[in-house]
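Biologist: Before we talk about labels such as buried or bridged, could you put the model in front of us, and then explain how each label is earned?

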Amino acid sequence: KLGTGLYIIALAITLAFQKTNRKKKTTLTEKLDFKTQQTIPTKTAWAITGIITILFLTISITNLGKQTVVDEPLWLFERIDRYWSNINERDWQGTNISDKPGITIALTSGIGLLWHTPDKYEDVYSDNQENFLATMRLPIILLITAWLPLLFFLTQKLLGTTIALLGTASIGLSPVMIGIARIVNPDALLWVFLTTTFLCYLLYQKTNNQNYLIATGLTLGGALLTKYVANIFVIFMIAMIVGDSLFIEKKNLTQKWIKEKLTDFLKIIILSLTVFYIFFPAVWIKPEKILDATILSQAFDTTRPLFYTLFGMVLLDTIILKNKITTSLLTWTHKHSQKIISTIVIITLASIIFMLTNTWLGMPWFDHQNDLGSPKSAARDSGIFALYVANYYPLIFGLIPLLSIAFIGSITTLLKKTRIGKIKDMQYVIFASIMFITLYHLGSTASLVGATLRYQISLFPIAMIMTAIGIVMFINKIIDKYTLTKQTSLWLKQLSVTTVIITSLTATFTIAPYYFSYANALLPKQFILNLKDMGDGSYQIAQHLNTLPNAQNLTIWSDKSGVCTFFKGKCESSVNHKKYIQEETIFDYYVVSRTRQSRTTGLVTTRAQSNPKYLLRFDKLYTFKDYEYEILPGGRTQNFIRIIDGKKANDLVCEYMNTKNQ
């Protein structure tokens, strides 16, 4: 079965990459160096990249085992171990461990299984728990550490040294990027593969170097192995056929050009599916599972009819009419390129401005934080428009303030007509970035799911590269306007890199160790950015409880299950357990958090409707002011985690609730 699949793949690759004598025109013009500009020397830039990489590694591994994370136990105690056990037993079907599918996480984090057996730590308090967690998380961090220099290299080839340095510093030292890197979860690697795919794809459009096309296909395969949502890049490539038509010269917009674009698209798809096939043994047994990675992916659930229709029309036009209809349509879009670009930019800016206005006014129209706190019900509660606009809430406020401003500024540069040379290169990448972000948000909205901070973490590196372009374009404008010398130009660029490094480090050290609870200063203090947090503060709360007298004999209830991982005593975190009745259950302490308030309240209300007499009213705890201890991840008073003495709260929690009152 494995051989049959490989034969088909080998034939497809052979046909796709057979040599031709055609010469393609590049999508982008060659770079134009301005006389007054000076870039940071390459050796210096690599040295700074090395420092950024070391800083990322040092910060990421510090106290690596001293945190518990939501959803991580599913991977640590079940999926990763099951993947390797089934590999060992030649149970290829059993390697289908998740609907993500999360294979790259199993391959990477699974290295930790050489030193630890997860069963020893599941549901059992252990003094060696921290070491186990750190060992399983470390391979992911090491992979990202090795990737950062590659990020610099690719961005440098695409946009130059200064932008590459700014982008690498922004990504490598970002609080939220460090936060996601410390978690065993597919999102911890998805952004690595998608960012690399994005850069390699743009480099191929720029240089026509087949190596970048191959790299695009291989890394897209890695992204699909990580999470099926990577299929959004397939939509992006199709959309960029139209996008590229807005930037190339009219004389190059021919039927041949369209055919080459479609051929390149198919090559990338073939390569990505090859990687998917080789590293996913379950596909060897059921080759039809390849469809789960493509046209049957959940990412296409709501857009599949539209996708099939458009792709089918283009395919028929290619076969029967030799792309005459497609060429005519793209010629029309090229003619109106500036209007189309400006329309996309205005819609994007309007969405961001509306979100910012609504937030700064206290959210009178839509509650963005609660919409993203319950992402799967937000469309029902607030509507499609609110759901789409809310997608910019984590993206804008998850960047450090300087980058948030630069992000918006970089978008405005597309309102000016594109020029030749370096400016056009930068505008093209900004446009491609906006297209990717917009398609991602539209896909999320079409699926009626809010894009929380974790769900759209893959957009952050692309947004950060956009901000780097915006900063450099602003500096270049100053240089040209005031005719500054080369030395002054170099000094300004060095200052911009230094500023980004210092401000990023300041934000990271200030928020430590609650990296994923970061929100920049532009977000009003009464709001929280990440209501679907990953469990920040659970470890610290557990350690405080462990200092209490006779801690090992205490019984607590926590709305964060991660607290139970490190608490020495007995810990419960469910809200619907049969024994949670006032006659039988008495807890010594309760642990409640703002980020679990909505979930707990909803579950308690549901259970109360079916069994109002016996259910404990855990929802009452969130307004209980007489708490014993509190921590504030991120320093925001609304983002609390509290320990409440059971003796003080038991009467409130055990409040009788009859059907009439309910």
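**How the labels are earned**

Modeller: Glutamate 78 is partly exposed, with a relative accessible area of 39%. This is a predicted model, in which local features need pLDDT of at least 70 and side-chain atom pairs count only at pLDDT 80 or more, while totals for chains, interfaces and linings use all residues. Residues are numbered from 1 along each chain as its sequence is written, and side-chain values use heavy atoms, with hydrogens and water left out.

Biologist: Why is glutamate 78 called partly exposed?

Modeller: Buried means under 20% relative accessible area and exposed means over 50%, with partly exposed in between (1.4 Å probe, protein chains only). Glutamate 78 has 39%, which lies between those two limits, so the label is partly exposed.

Biologist: What makes the pair of glutamate 78 and arginine 82 a salt bridge?

Modeller: A salt bridge is a side-chain nitrogen of Lys or Arg within 4 Å of a carboxyl oxygen of Asp or Glu. The closest N and O atoms of glutamate 78 and arginine 82 are 3.5 Å apart, so the pair meets that limit. Both residues lie in helix α3, four residues apart, which is about one turn of the helix; a helix here is a DSSP run (H or I, at least four residues), a strand is one too (E, at least two), and both are numbered from the N terminus. Arginine 82, with 29% relative accessible area, is partly exposed.

Biologist: What makes the salt bridge of aspartate 71 and arginine 454 a tie between distant parts of the sequence?

Modeller: The side chains of aspartate 71 and arginine 454 meet at 3.7 Å, N to O. Aspartate 71 lies in the loop between α2 (42-61) and α3 (72-88), and arginine 454 in the loop between α21 (422-446) and α22 (459-482), so the pair ties together parts that are 383 residues apart in sequence. Aspartate 71 is partly exposed at 33%, whereas arginine 454 is buried at 10%. Both belong to a network of salt bridges that links Asp71, Asp187, Lys227 and Arg454, and the structure holds 13 salt bridges.

Biologist: How do you know that cysteine 564 and cysteine 571 form a disulfide?

Modeller: A disulfide is a covalent bond between the sulfur atoms of two cysteines. The working test is a pair of cysteine sulfur atoms within 2.5 Å. For cysteine 564 and cysteine 571 the sulfur atoms are 2.0 Å apart, so the pair passes the test. A search of the whole structure finds one disulfide.

Biologist: Why is that disulfide called left-handed?

Modeller: The torsion about the S-S bond of cysteine 564 and cysteine 571 is about -55°, so the disulfide is left-handed. Cysteine 564 is partly exposed at 23%, while cysteine 571 is buried at 17%.

Biologist: Why is the protein chain called as compact as a globular protein of its length?

Modeller: The protein chain has 27 helices and five strands. Its radius of gyration is 26 Å, close to the 26 Å that the globule rule gives for 662 residues, so the chain is as compact as a globular protein of that length. The radius is taken over C-alpha atoms, and the rule is 2.2 Å times the number of residues to the power 0.38. Buried residues make up 56% of the 662 residues, and the C-alpha trace spans about 80 × 65 × 50 Å along its principal axes.
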